[in-house]
Amino acid sequence: MTVFRSDMEAGVWKRAQSLQSLHWTNLLELGVARSTAKSFVRRWAQAGLLTRIDTGDHRKIYAFADRGPQPEFVPAYDESAEGNMWRSMRGLRQFSATDIAAHSNAGGIQVPVQKARAYCRLLLQSGHLRVQSSAVPGKREPRYRLVNYTGPVAPKPRQIKGVFDANTADFTSLDKEILL
């Protein structure tokens, strides 16, 4: 389990470690908003990364609990073209493949319209999407709606390697991860 919920929080944590003691007002100097600074310090203290120091006044001053190895930030999302398209689908109420391609070009990943169309067709076949309005050839492309959100990691196409024996109609998977 990671304590950090974003790249920004992990970055603020790394910069805050240069301080001897920590109060939420110290994070304001690092460019963090007041409410965000308070929630960061509260969350870090609850996670055991900070220990409260008794200063005699009513301010909550903290020291860093352990200067040893610190928790790493692991993003809770998939950093791929499919991951970008999946997050775009979740954010849009209705969308076309062109909408998905336009909203998914982020993080240095370029998503062409053809790839978005193929991904929409794949998710339509798997039951994750539903056609909201059908296509009119040459005038309008189909519009979809996400109906089966299964989590933050995007569904991805897989190719299975194996041997098909046409004599017995048996398929033997050569992929160790997939058992048929």
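What follows is a walk through the structure, from its overall layout to its side-chain pairs and its surface.

The model is a predicted one. Its chain holds six helices and six strands. Along the sequence, they come in the order α-α-α-β-β-α-α-α-β-β-β-β. The chain has 180 residues, and 29% of them count as buried. Its accessible surface is about 11,900 Å². Carbon and sulfur atoms make up 51% of that area. Now take the contacts between residues at least 6 apart in sequence: 47% of them join residues at least 24 apart. Several of the pairs below span such separations, and each is described with its place in the chain.

Start with the aromatic rings. A search of the whole structure gives four aromatic pairs. One of them is W13 with W44, in an edge-to-face arrangement. The ring centres are 4.9 Å apart, and the planes make an angle of 75 degrees. This pair links distant parts of the chain. W13 belongs to helix α1 (residues 7–16) and W44 to helix α3 (residues 34–46), with the two positions 31 residues apart in sequence. Both W13 and W44 are buried.

W44 also pairs with F40. Here the centres are 5.7 Å apart and the planes meet at 25 degrees, so the pair counts as stacked. The cut-off for stacking is an angle under 30 degrees. F40 and W44 are four residues apart in helix α3, which means about one helical turn separates them. An α-helix has 3.6 residues a turn, so residues three or four places apart point the same way. F40 is buried, as is W44. Taken together, W13, F40 and W44 make one aromatic cluster.

Another ring meets a charge. The charged end of K38 sits over the ring of W24, at 4.8 Å from the ring centre.

Helix α3 has a further link to helix α1. What joins R43 and E9? Their side chains meet in a salt bridge, with N and O 3.0 Å apart. R43 is in helix α3 and E9 in helix α1, so the bridge ties together parts 34 residues apart in sequence. Both ends are enclosed. R43 counts as buried because its relative accessibility is 16%, and the cut-off for buried is under 20%. E9 is buried too, with a relative accessible area of 0%.

Helix α3 also has an exposed residue, Q46. Its relative accessible area is 65%. The C-alpha atoms of Q46 and V3 are 9.5 Å apart, although 43 residues separate the two along the chain.

The structure holds three salt bridges, and the other two lie elsewhere in the chain. R143 and D99 meet through their side chains at 3.2 Å, N to O. This bridge links distant parts of the chain: R143 is in strand β4 and D99 in helix α5, 44 residues apart. R143 is partly exposed, with a relative accessible area of 25%. D99 is partly exposed as well, at 25% relative accessibility.

E141 forms a salt bridge with R117, and their closest N and O atoms are 3.9 Å apart. E141 lies in the loop between β3 and β4, while R117 is in helix α6, 24 residues away in sequence. Both residues are partly exposed: E141 at 24%, R117 at 34%.

S96 touches this region. It sits in the loop between α4 (81–91) and α5 (97–103). With 4% relative accessibility, S96 counts as buried. Beyond its neighbours within four places in sequence, S96 is in contact with E141, P142 and R143. E141 and R143 are the salt-bridge residues met above.

Just before that loop comes α4. Why is α4 described as largely enclosed by the rest of the structure? Eight of its 11 residues are buried, so α4 earns that description. Those residues are A81, E82, G83, N84, M85, W86, S88 and M89. They pack against α5, α6 (113–126), β3 (129–133) and β4.

Finish at the surface. I160, F164 and F171 form a nonpolar patch there, with about 300 Å² of accessible area together. I160 lies in the loop between β4 (143–146) and β5 (162–165). Its relative accessibility is 41%, so I160 counts as partly exposed.

How values were computed. Residues are numbered from 1 along each chain as its sequence is written. This is a predicted model: local features need pLDDT of at least 70, side-chain atom pairs count only at pLDDT 80 or more; totals for chains, interfaces and linings use all residues. Side-chain values use heavy atoms; hydrogens and water are left out. Patches are made of residues with over 30% relative accessible area and no salt bridge: like charges are joined within 9 Å, nonpolar side chains (Val, Leu, Ile, Met, Phe, Trp, Tyr) within 5 Å. Accessible areas come from the Shrake-Rupley method with a 1.4 Å probe; for residues, only the protein chains shown count as cover. A salt bridge is a side-chain nitrogen of Lys or Arg within 4 Å of a carboxyl oxygen of Asp or Glu. Buried means under 20% relative accessible area, exposed over 50%, partly exposed in between (1.4 Å probe, protein chains only). Rings of Phe, Tyr and Trp (its six-membered ring) pair if their centres lie within 6.5 Å; planes under 30 degrees apart count as stacked, over 60 as edge-to-face and the rest as tilted. A charge sits over a ring if NZ of Lys or CZ of Arg is within 6 Å of the ring centre and within 35 degrees of the ring normal. Contact means heavy atoms within 4.5 Å.
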